[in-house]
Amino acid sequence: MRHLRQLEDQSVYIFREAYKHFDNLGMLWSMGKDSTVLLWLARKAFFGHVPFPLLHVDTSYKIPAMIEYRDRLAREWRLNLVVGQNKQALAEGMNHERGRVECCTALKTNGLKLLLEEKGYTGIILGVRADEESTRAKERYFSPRDKNNDWDFRDQPPELWDQFKTSFPPNTHIRIHPLLDWTEINIWEYIKLENIPFMDLYLDRGDGTRYRSLGCAPCTFPIKSTASTVDEIIEELRATKVAERAGRAQDEGRGMELLRKDGYM
Amino acid sequence: MATCKTETEAAVDVRDRMNIVIVGSVDHGKSTLLGRLYADTGTLPEGKVEKIQAICKQQGKEFEYAFLFDAFLEEQQQGVTIDTARTFFQWAGRQYIIIDAPGHKEFLKNMISGAARAEAALLLIDALEGVKDQSKRHGLLLSMLGVKQVTVVVNKMDLVDYSQETFALIEKEYRAFLAQLDVTPQFVIPASAKRGDNIATPSPQMAWHTGPTVLESLAQFSSESEQAEQPLRFPLQDVYKFDARRILTGRIASGRLKVGDQVIFSPSNKSAVVQTLEAFNIEPPPTQAQAGQSVGITLDEQIFVERGEIVSHESSLPLVSTTFRANLFWLGRRPLEMDKSYLVRLATHEVECRVAEIHRIVDADNLSLDQQQTNAVVKRNEVADVTIQTRAPLAFDLYSDFETTGRFVLVDDYDVSGGGIITEMVADREETLRIEARQRDFAWVTGDVTLADRAKHYGHRAALVLLIGPDTTGKTFLAKKVESTLVAEGRHVYMLDPENLRRGLDADLQEGDAREMIRRYGEVARLLIDTGVLLISTTNSFNLPADQTVEAIRTLVHPAPVLTVYMSQETTPSPIEADLSFTGPEDFTSTAHAVLTALKEKGIIAETIGNQPVFQFSI
């Protein structure tokens, strides 16, 4: 378990740097397994407290159980929950049938943009991991976004030792990625080690399927699996050669590179 | 593991983890090696090779293993890695993050970002091209970045007919180069990433190679850190007061920390005893911690300490100075200039600095050559030997003794623009006084009343207001005015005129003993400040330049806050950067109020007395 404690120590350090340097800090929370670990690590870093708001960009298409879980945990752990939504796009009828990249851009990327504009956050903590997808493999722990939320991946700042980019010009913000070095297996190993509560959509509840990755209902598909405990998930992941986000439609083709360049998580 | 679908070693339980970087000149085959390693060990996701093959076919070009990790369209189109990629690989019970660093000179900052995260490196050299400038530059940077474990891979052996002779020449040349950096490669491996020779399986073409394959060599890197065995270095990251606990946090850089330890904070020289180690969801709470851990501690008393201080045991203290010599690599868009203001960040300490001297530019091609020419600037991607001077004393170590507290970055404008390792402490003018202050502070005996208690009681923190400037500008008059105004408010203030020490404490001194007079004055001031008083003083009697006077006094009363006020008759610029400046003031009442306002802004005096003033003793 030493490797998990090493990952934890690094993530906690990143959290504390973020809290020290950003007056207006928020953390994206999607209720998925990575968000679950992210929230737990925040409580580790701040000794049981979460001293910044949790932001949820609600596309309105989330699996209903996710929203119930969100509201219940926010109540029980007394979290400062801020929900954002691109109401205009929804009023105009945006949905995945108009194109998955278009829908993600409108409801998630632009939904986040609107929330950032409204609240003026200068630092956003996100649970992206380098092993999820190849453009995320090239991220920094502290990754600047310009005033249009764009990611200039051609010219990322140097990141030396534990010295991160914590100063930035007005109207830009920094994305902070404490989970960058974690793998999907590490997430589950840590959930097991710390006995962290998580959504049971990740487990087979009798029909021989479970979700490996959670997102919007129309674009996220369960996998065939009989894993009904964390141990069984870990065992399954060690044996599998199927990519984690195979059930996420927006990843097809060059979808992610284009989405992320424009400010997608 | 009955349900395991594969028999690869990937399924073995993880014992430890390690970050490895692949470096070397552009086109020497780093991304190809990485792709091959994954493909030959069966650690790629299903369909990944097929997906890339399809893209290649569509674009009408030959499949390359490098495309597996060069994610950006531009990278694939240009066939060059732009930015560092983290890739994940598990083998023989160890989880690796293998960092593919770009070799192109233009992306050196990305290579450095990758290598700075690594504990070990694979350094590639193209057998056909041999040792290039960039191969040496990368070797030099690895040693500066603290990557001590290096295995050299001589790649593209297929292009030189697997010639043992060619390999031996390259090995000899590069070993000689690394020896100058005190680096001994663990292995030098002949390989062909494109054809898979000596990557995951031994090459039948090179039976003469008796060493390991690249895959086997990974297991030979040690992930055991020796840092826990070193003396304690715990850079303070932040102080939290979310609930009843006042928790000091940070990551232990080296050594061990236990409940009950007497610890010293540098450069403030404060000391306290560790009362608890705080943790979330760990029962029972830990009683000790060691290098690498992010921890929180509480102390037996509430002392004012700030982010940036280095916690250690008294038996092994960090160095403290305003000046040090360092080897530095520069990555900024603008060249590094002398006498321009930068920020130095060392562990968690951040302080303004300037480059006092650029001794030489280090040429990777010829390390031993000592060019004596002086350089005005350090250009992007150059390595230089420099002297750096900070505005306030900094606690640090030599890089040869401590890794984390012996290195730093320089920030230009908004960007981290360079990094360096400290090679030498340079004693500054205050060195003697600083040592005296440290020794005196460690031995200082106090009662049960703390400075924080006194601050609460008096409605202000203990501090020193220094009035500087030419004679007859009204300094003494202003000092009296500030004193009486504050006393009228009920504050605990005292005007100490240095002249008062002359006939008494300094009676044995001659006129020329200015440094000794300052030392005695500083010690008296330190004593009074310890009583919680707000001290006001002029400085002309010392007969020394103002900057020297202020620095010496600052050193002796450190870490008490010092407010400097410059007074002149004409608009002559202040010899020091004063907190406040007045030119020929006539209205001393408003001037005195300006001083009061500054004291409030600095958090030295509280707005009101009696209403339980809250002092920011945490940060």
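Here are a few exercises with worked solutions on a predicted two-chain model.

**Exercise 1. Work out what chain A is built from and what its radius of gyration says about it.**

Step 1: start with the secondary structure. For chain A, that comes to 8 helices and 8 strands.

Step 2: get the extent. Along the principal axes, the C-alpha atoms of chain A fill a box of roughly 50 × 50 × 40 Å.

Step 3: compare with the globule rule. A compact globule of 265 residues would have a radius of gyration near 18 Å, and chain A has 18 Å, so the two agree.

Step 4: look at burial and contacts. In chain A, 51% of the 265 residues count as buried. Take the contacts in chain A with a separation of 6 or more: 78% of them are between residues 24 or more positions apart.

**Exercise 2. Split chain A into its domains and describe the contact between them.**

Step 1: set the bounds. Domain 1 of chain A covers 2–183 + 251–261, and domain 2 covers 184–248.

Step 2: take the centres over C-alpha atoms. Those of domain 1 and domain 2 of chain A are 21 Å apart.

Step 3: count the residues in the contact. Domain 1 of chain A puts in 24 residues and domain 2 of chain A puts in 22 residues.

Step 4: find the elements on the domain 1 side. Helix 1, helix 2 and helix 3 (64–76) of chain A each give two or more residues there. Helix 2 of chain A gives the most, with 5 residues.

Step 5: sort that side by class. The domain 1 side that touches domain 2 of chain A has 11 nonpolar, 5 polar and 8 charged residues.

**Exercise 3. Describe the side of chain A that touches chain B.**

Step 1: count both sides. The contact pairs 45 residues of chain A with 53 residues of chain B.

Step 2: pick out the helices. At least two residues each come from helix 1 (2–21), helix 2 (33–45) and helix 7 (230–239) of chain A. Helix 1 of chain A gives the most here, with 8 residues.

Step 3: sort by class. The side of chain A that touches chain B has 17 nonpolar, 10 polar and 18 charged residues.

**Exercise 4. Trace the barrel in chain B and zoom in on one strand pair.**

Step 1: write down the strand order. In chain B, 6 strands close into a barrel as 15-20-18-17-21-22, with antiparallel pairing. On average, and ignoring direction, neighbouring strands of this sheet are turned by 45° against each other.

Step 2: recall what holds such a sheet together. Strands of a sheet pair through backbone hydrogen bonds, either parallel or antiparallel.

Step 3: zoom in. Strand 21 (residues 407–412) and strand 22 (residues 415–426) of chain B run antiparallel and are joined by 6 bridges. Opposite B:Val409 you'll find B:Gly419 in strand 22 of chain B.

Step 4: put the pair in its domain context. The assignment for chain B gives domain 1 (9–219), domain 2 (227–312), domain 3 (319–428) and domain 4 (434–601). The centres of domain 3 and domain 4 of chain B, over C-alpha atoms, are separated by 33 Å.

**Exercise 5. Place B:Glu586 and decide whether it is buried or exposed.**

Step 1: locate the residue. B:Glu586 is in the loop between strand 27 (580–583) and helix 14 (588–601) of chain B.

Step 2: apply the neighbour count. B:Glu586 has 7 C-beta neighbours inside 10 Å, and therefore counts as exposed.

Step 3: check one long-range distance. B:Glu586 and B:Phe396 are 190 residues apart along the chain, and their C-alpha atoms are separated by 46 Å.

How values were computed
Residues numbered from 1 in each chain as written. Chains lettered and ligands numbered in written order. Predicted model: local features only at pLDDT ≥ 70, side-chain atom pairs only at ≥ 80, totals over all residues. Pairing = 2+ DSSP bridges. Helix = DSSP H or I, 4+ residues; strand = E, 2+ residues; numbered from the N terminus. Axes fitted to C-alpha atoms, helices over the stretch in contact; angles between N-to-C directions. Domains from an automatic or database assignment. Contact = placed C-beta atoms within 7 Å. Nonpolar A, V, L, I, M, F, W, Y, C, P; charged D, E, K, R; others polar. Rg over C-alpha atoms; globule rule 2.2 N^0.38 Å. Buried ≥ 20, exposed ≤ 12 C-beta atoms within 10 Å, placed from the backbone.
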